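This report looks at how a ligand is held in a protein model and at two loop residues in that model. Please view the structure below before reading on.

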Amino acid sequence: MKKMVLYTLMLLLVAAILIPATLFAAGVQEGGKERHAFVFKNTGNPYGEKQMDGFRIGIEEQGYEAILRAPDLPTAEAQIQIVEQLISQNVKSITITGNDYDALEPVLKNARKAGIAVLSADSAVNPASRSTHINQADSEMIGRTLIQAAYDMVGGAGEIAILSATSQASNQNLWIEWMKKELTDPKYKDIKLVRVAYGDDLRDKSVAETEALLRSYPKLKCIIAPTTVGIAAAGKVITDKNLIGKVKITGLGLPSEMAEYIENGACPYMFLWNPIDVGYLAAYAATAVSSKKITGAVGDTFDANRLGTYKVVKASDGGTEVLLGPPFKFEPSNIAEWKTVY
Ligand code: RAM
């Protein structure tokens with residue numbers, strides 16, 4: 001009798017160890033839910049939080065579980081470690097906002113070899129690393145529009161500077177490339193781009209870089225910051241230093257963070273898309289790839305629930321992408337209505 005009880009206890013113990021291990025190996029949690037991961041550039045970026053919120057909502061409404069990760073600092077090395085952990089957790093998909101275009105390729109290829117769907121969103125990784133990329137808006141349009149905005153703000157002549165995120169961020173770098181192409185138009189012969197500075201999407205560094213630009217270029221008339229962290233930092237510096245009207249700010253900013261600087265005139269106008277929608281669209285693209293409904297090839301279509309049907313198109317880097325839609329202009333007349341939205 002005692003032996004029977006002992007055997008039963010042993011069997012229960014073995015079952016308790018084996019059942020969760022099998023579930024884990026199949027990429028599901030105890031509750032039976034598939035897990036889909038999103039990796040952003042770094043923590044402490046409200047834009048990234050909104051993008052991840054959108055991803056979580058899109059994953060959860062499909063009945064799955066979302067894993068949201070970001071390193072403390074926006075480096076490729078730190079993201080590689082996170083991806084390695086996600087591979088060993090056997091998630092179904094990984095969507096990454098890359099801190100580097102090429103450096104993540106080996107680890108992302110390992111993920112794909114392990115059967116995990118890999119996509120990028122917001123800041124692309126190279127085509128060999130991804131099934132497709134979720135692009136927030138047309139990159140050429142963003143770059144050209146920001147130069148046109150600066151031209152308009154400085155009255156067609158003067159020194160301008162760019163305050164970017166990290167020097168490796170593929171989204172910012174692509175926009176800057178288009179800004180430079182736009183500047184080759186003879187229309188801009190009196191506009192001088194004096195420097196591209198990097199605030200690394202860190203608030204303090206972005207403040208310090210803005211101050212350094214103002215010190216080095218006392219005639220500076222406009223700062224273009226194609227990053228939500230950079231533009232908010234620049235808005236604060238211009239406001240604190242009483243330079244409103246003397247140095248204009250434009251770029252890509254969150255209405256919630258920039259309302260103050262649009263209302264006080266430091267930033268006459270700026271642009272952005274809805275970061276929640278970028279994440280939400282990524283959630284539907286990720287599950288479409290992981291469930292093998294699509295491969296991420298040109299012409300593939302998938303349903304993104306409240307956003308409608310999307311088509312995979314050719315990207316300028318030779319890979320494919322899904323385009324969310326045109327960016328939106330935020331200015332004094334509409335900022336009040338948007339500042340509570342995102
Ligand atoms: C920052 C990030 C992000 C970018 C926005 C505009 O928050 O660098 O990647 O898309 O700005």
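In which loop does aspartate 122 lie? Aspartate 122 lies in the loop between strand E4 (117-121) and strand E5 (133-135), where helices (H or I, at least four residues) and strands (E, at least two) are DSSP runs numbered from the N terminus. The model is a predicted one, in which local features need pLDDT of at least 70 and side-chain atom pairs count only at pLDDT 80 or more, while totals for chains, interfaces and linings use all residues. Residues are numbered from 1 along each chain as its sequence is written, and side-chain values use heavy atoms, with hydrogens and water left out.

The phi angle of aspartate 122 is near 75°, a positive value in a residue other than glycine. Asparagine 90, found in the loop between helix H3 (76-88) and strand E3 (93-96), has a phi near 55°, likewise positive in a residue other than glycine.

Aspartate 122 also belongs to the ligand's surroundings: of the 13 residues around the ligand, Lys41, Asp122, Asn171, Asp201 and Thr228 come nearest, a residue being near if one of its heavy atoms lies within 4 Å. Domain 1 (33-137 + 275-325) and domain 2 (139-272) both give residues to this shell, so the ligand lies between them; the domain bounds come from an automatic or database domain assignment. Helix H6 (residues 170-183) gives the most to the shell, with three residues.

The table lists distances from polar side-chain atoms to an oxygen atom of the ligand; a polar contact is a pair of N or O atoms within 3.5 Å.

| Residue | Distance to a ligand oxygen |
|---|---|
| Lysine 41 | 2.8 Å |
| Asparagine 171 | 2.9 Å |
| Threonine 228 | 2.5 Å |

Methods
Polar contact = N/O pair within 3.5 Å; in protein donor to acceptor, adjacent residues only side chain to side chain.
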